Amino acid sequence: MVARKFLVRHDDSTFTVDYDTDDGFEVFQFQLFSLTSIPPDEQKIVGEDNDRIVSDDSDLSAVSEKLQLLSITADEARKPEKQEESTSGTTGTSVMSDEELARMLQAEEEALMLQQYVASDNSMEFEQKVRPYISQVLLYEDPARQEAARKTVPVDTLEEKAFVSLAKEGNLKPSKIEQDHAFLLQLLFWFKKSFSWVNAPPCDGCGNETTGQGMGDALPSEIQYGATRIELYRCNSCSRVTRFPRYNDPLKLVETRKGRCGEWANCFTFYCRAFGYDSRLVLDFTDHVWTECYSEALGRWMHLDPCESIYDRPLLYEKGWKKKLNYVIAIAKDGVYDVTKRYTRNWNEILSRRTITTESSLMSVLTSMTKECRRNCTSQVLSVLEERDKIEREALERDLLSTDDAQISLPGRQSGDKQWRIARSEFGTDSLNSSTCEVRICRDEHVTKIYNAFSSILHKFVEDSLIASKGVEVLKILRATVVDLKKLPYKKRRASLKSNSIVGTSLLHRLLPSFKEFLIALSLKSELDSNGTVTVCLAGDPVPTALALPVALHALDELISDLSKCDNLSKGSLTFPLLRLNRICSGAVLASGEELPFGIATAAFDGTRMSKWEEPNGAKGCWISYKVSGNMQELISYELMSANDAPERDPMDWVVEGSNDGGLNWHVLDERRSQMFDKRFQRNTYNIKSTGFLSNIFRFRFLAVRDSGTNPRLQVGSIDLYAKQS
């Protein structure tokens, strides 16, 4: 550990910042964020003595104590500065130096010269490999096929998930472009769960494992759907032979929902076209296939791999799978494109492997095939396509000049049998993760409102002298209503509060006013008809309800469990954790690392069991900090919940700290050792031992997990912070 004191000047103010080198540069940026409200991605830190730009730990150790902090807007951050972002790609954060660029250009020139000796001017072999895919993608344009495909997709469910994903980012009124982008990602996640990977098909007779027996002749019924290759498998138990036709007709794949990467990419690209996205089938000559879609939200083509459920990570194959790429060709209804440069940062090495034909012959045949695809396009459409082509060519050249984002760790291949992946040298690591993360804002006010709303319900129980067991039955009725609402289409949610033999209609009506705050927290309202039936329905925008219903369901489960343990109900029993009041919300979160895209830091604060914060390298130490959005708060208690799986990743030792100066100095609030979670989704409650300290930032330093010997990860299902009521 090395401690340094920096004097940081910003505008007309000067701040003293104590920096611990063990914390890392990201924490230093977060300290500045706490003092100045300038987010890390908009900070420009300059050493005043030598005008050196400080961008990492090594820079910070090399400058004097006097620094200047400048604020750059998000737009300015994207502008070129000393040849930075203007030439960065979709995954890069900086660009090559002049020396690196010169070396790359020289290597490219040498590779092109070598190619003249080993590659043929004849492009026939290349064309024969690509041309069949043109016919395949044209099948996607059949309106009848598209309609049949759309009928197999749970559109309402995916729409709801898309809106909820945007709402979690604070976007409750997304534009049509933003909605379309979010829906595309949900389509990708749904497809991953609905399509099956086939290593060897189970026996058609007994369902047991089979072993490959080579190839067979295609039947007319199989040829009808493009299956010219038929794999044969013999059952290991009954010796029956099972056929596995490799269908090419995407509509047939919508029916079978199984295959390998060829079938997966073929079918998913078809689904994308069925929902109106400009899409391409991408052929990697080193034996893989995936999809590209044009994202209006991003203003560019976006990589999507349905087999892996990964999107917008084009370096996945070169960096994660360690592939030695050569040709990556995108085929669409309006053209054939060489997009290899999007998927590499080693272009000169790839050039040395492009030996089928010369680059000039390759360009000629691509141009010819693209003209064929566009022969029926109007001049207006051609103009739009040509402009998009130009923009893409420029972007591909910029991608080559960007350097890898070293913070992002890309996984090896996840689809397919483990031994098969190892044999292909595509195994790699097991997840997409980041060794740091951006400052994220918690959009969790609804969680706090739901927790607070139980107060009026429980106080009404006490006022009406309900015994605990009857109170549990009332909560179960509420829970059943929430479940009924969740099952309905998100725009048409309407369900009844149904009395039972224990909780009669009259009691339900008497308790109804106490439910009002709970229903408001869910953006719901109640209606009482002339027959005495209480109906719960939407009070307005359906998205806040969709966001809140899972939280309400899980909160009711926990309250029912806690109330079931009570012998009786009285005012004295209405304390924490039965009543979880004054939960801190809407703060800013930063962590030492996170899993992408589902294990991000704010997942620890979203109030549902369906998510978790996962720190890929946190087993032997990591941290997560929470900056309060308003006034200083006194933390009096907190809760941690175990995640859905992998008990070995549960936190075991940790320290909770508070800071009243934006993270410059820390005060230990609580310390725990040898903590155990006996089951999944177990919520443990902890009271703060050191009270009376007001903080504007809280930090959890997790020191160890349950088993760090064989497991590098830490995961937490949820973290809830409770402040002293004023």
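A cavity, for this talk, is a set of grid points inside the protein where a 1.4 Å probe fits but cannot get out, and its lining residues are those with an atom within 4 Å of a point. Keep that in mind for the first part. The structure is a predicted model.

Let me start with the enclosed spaces. How many cavities of 30 Å³ or more does the structure hold? The count is eight. I will go through two of them.

The largest cavity contains about 100 Å³ of space. Its lining is made up of 13 residues, and the ones nearest the centre are Asp278, Trp301, Ala332, Asp334 and Arg388. If you have the structure open, find those five residues and you have found the place. Two elements, strand E12 at 279–284 and helix H15 at 379–401, each give at least two residues to this lining. H15 has the largest share, with three residues. Sorted by class, the lining of the largest cavity has eight charged residues, four nonpolar ones and one polar one.

Now the second largest cavity. Its volume is about 70 Å³. Around it we find Tyr451, Phe454, Ala555, Glu558, Leu559, Asp562, Pro577, Leu578, Leu579 and Arg580. Helix H17, residues 445–463, and helix H21, residues 542–564, each supply at least two of the lining residues. Which helix gives the most to this lining? That is H21, with four residues. The classes here are seven nonpolar and three charged, with no polar residue.

One residue of that lining, Pro577, takes us to the backbone. Pro577 sits in the loop between H21 and strand E25, which covers 588–591. The peptide bond joining Phe576 and Pro577 is cis, with omega at about 10°. The loop between H21 and E25 also holds Ser586. Phi of Ser586 is near 60°, which is a positive value in a residue that is not glycine.

There is another cis bond further along, from Leu596 to Pro597, with omega near 0°. Pro597 is in the loop that runs between strand E26, residues 594–595, and strand E27, residues 613–615.

Phe576 comes up once more, as a neighbour of Asn687. Asn687 belongs to strand E32, residues 683–687. Leaving aside residues up to four places away in sequence, Asn687 touches Phe576, Ile636, Ser637, Asp670 and Arg672. How far apart in space are Asn687 and Glu639, C-alpha to C-alpha? They are 8.8 Å apart, while 48 residues separate them in sequence.

The last part is helix packing. I have three pairs.

The first pair brings back H21, which packs against helix H7, residues 155–167. The axes of H7 and H21 are 9 Å apart, and the angle is about 85°. Angles from 65 to 115 degrees count as roughly perpendicular, so H7 and H21 are roughly perpendicular to each other. From H7, the residues in contact are Glu160, Phe163, Val164 and Ala167, and from H21 they are Val543, Ala546 and Leu547. In this contact six residues are nonpolar, one is charged and none is polar.

The second pair is helix H6, residues 143–150, with helix H11, residues 261–274. Their axes come within 9 Å and cross at roughly 100°. That makes H6 roughly perpendicular to H11. On the H6 side we have Arg145, Gln146, Ala149 and Arg150, which meet Phe270, Tyr271, Arg273 and Ala274 of H11. The classes for this contact are four nonpolar, three charged and one polar.

The third pair is helix H5, residues 124–138, with helix H14, residues 359–373. What is the crossing angle of these axes? It is roughly 20°, and the axes come within 11 Å. Since angles under 35 degrees count as roughly parallel, H5 is roughly parallel to H14. The crossing is right-handed. H5 makes the contact with Phe126, Glu127, Val130, Arg131 and Ile134, and H14 with Leu362, Val365, Leu366, Met369, Glu372 and Cys373. Eight of these residues are nonpolar, three are charged and none is polar.

To go back over the main points: the largest cavity has eight charged residues in its lining, and the second largest has seven nonpolar ones. The loop between H21 and E25 holds Pro577, which follows a cis bond from Phe576. Of the helix pairs, H7 with H21 is roughly perpendicular, H6 with H11 is roughly perpendicular, and H5 with H14 is roughly parallel. That is the end of the talk.

How values were computed:
Residues are numbered from 1 along each chain as its sequence is written. This is a predicted model: local features need pLDDT of at least 70, side-chain atom pairs count only at pLDDT 80 or more; totals for chains, interfaces and linings use all residues. Side-chain values use heavy atoms; hydrogens and water are left out. Axes are lines fitted to C-alpha atoms, for helices over the stretch in contact, and angles run from 0 to 180 degrees between N-to-C directions. Angles under 35 degrees count as roughly parallel, over 145 as roughly antiparallel, 65 to 115 as roughly perpendicular and the rest as oblique. A crossing is left-handed if the near helix is turned anticlockwise from the far one by less than a right angle, and right-handed if clockwise. Contact means heavy atoms within 4.5 Å. Ala, Val, Leu, Ile, Met, Phe, Trp, Tyr, Cys and Pro count as nonpolar, Asp, Glu, Lys and Arg as charged, and the others, Gly among them, as polar. On a 1 Å grid over the protein atoms alone, a cavity is a set of points where a 1.4 Å probe fits but cannot get out, and a pocket is an open set with protein on both sides within 12 Å along at least five of seven lines; lining residues have an atom within 4 Å of a point. Grid points are joined across faces, edges and corners, and a volume is the space filled by probe spheres set on the points.
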